[in-house]
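Me: Please take a close look at the largest pocket of this model. Which element gives the most to its lining?

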Amino acid sequence: MKRTSTGSSCTIDRVYSEDSGEYWCETAEGERSNTVNITITDGPVILKSPVLPLMEGDAVTLHCRSKKTISDLTADFYKDDVVMESSPTGKMTINTVSKSDEGLYKCSIPGLGLSPGSWLIVKAGSVTSENPGLPVSKVTLRCRHQKTSSNITADFHEGVLLFGSNARGEVNIHIVSKSDEGLYKCNMSDDGESLESWLADREESRESWPYLYVVLVLRTVFTILLVPLLLLLVGLLHCGKLRVTHK
């Protein structure tokens, strides 16, 4: 165990397969770090992957390695035992990690075998884009950072095009039209970018309003006419009973 002004470290000089497992650290106050899975293998093939959780939007490269020196580095990569891709360089890159990429990864090299599994853990990104998610006629898009509630300059993109930049981390679309529909995201220069979210126009909803209005009017008129008719019917039945009784 080694202590420094910024923290502590623990070194295992010689590792064995029995050292595989979950590792974490705790402060004297009981605060606990992220859990990391470390796998020690004596097999010929290993998968080199990040030990710490990734943030959504990060890029990651997985490396398939052999203890032996070989000329052909072709490797197959698997996620949850399903083949993802075959790489002639022994590398697989995910340019933009999302929660759906989380899982157990392995790799294999022809003639040498399969690596042990390695967990890839993905956490929600620190930058998020606030989007209503429902069809709208006007909208304010906001870019937020998990660690601060203060306004931070953010750039907004529709697809690959820069849509706008704002020092308060928000942009307004006062009249949403069909041309505004698309995937939107935002980014903060020092903190990364958010996931994309879909913005839909409310035009179809507006077009349906006249028909809805007619239905509501007809229902109201029908209700108004039905009440007197029911009262008249009850009156006629009551008069009929009186006549029968009088006879």
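Reply: Strand β2 gives the most to the lining of the largest pocket, with three residues. The model is predicted, so local features need pLDDT of at least 70, side-chain atom pairs count only at pLDDT 80 or more, and totals for chains, interfaces and linings use all residues. Residues are numbered from 1 along each chain as its sequence is written, and side-chain values use heavy atoms, without hydrogens and water.

The volume of the largest pocket (an open set of 1 Å grid points where a 1.4 Å probe fits, with protein on both sides within 12 Å along at least five of seven lines) is about 620 Å³, counted as the space filled by probe spheres set on the points. It is lined by 21 residues (an atom within 4 Å of a point), of which S8, S9, C10, W24 and C25 are closest to its centre. Two strands (DSSP E runs of at least two residues), β2 (7-9) and β4 (36-38), are the elements that give two or more residues to this lining. By class, twelve lining residues are nonpolar (Cys and Trp among them), six are polar and three are charged.

The second largest pocket has a volume of about 360 Å³. Among its 15 lining residues, N37, T39, L47, S49 and S118 are closest to the centre. Here β4, β5 and β13 (118-120) each give two or more residues, and β5 supplies the largest share, three. This lining holds eight nonpolar, six polar and one charged residues.

Strand β5 runs antiparallel to β7 (residues 60-66), and four bridges join them, where at least two are needed for a pair. Within β7, R65 is the bridge partner of I46.
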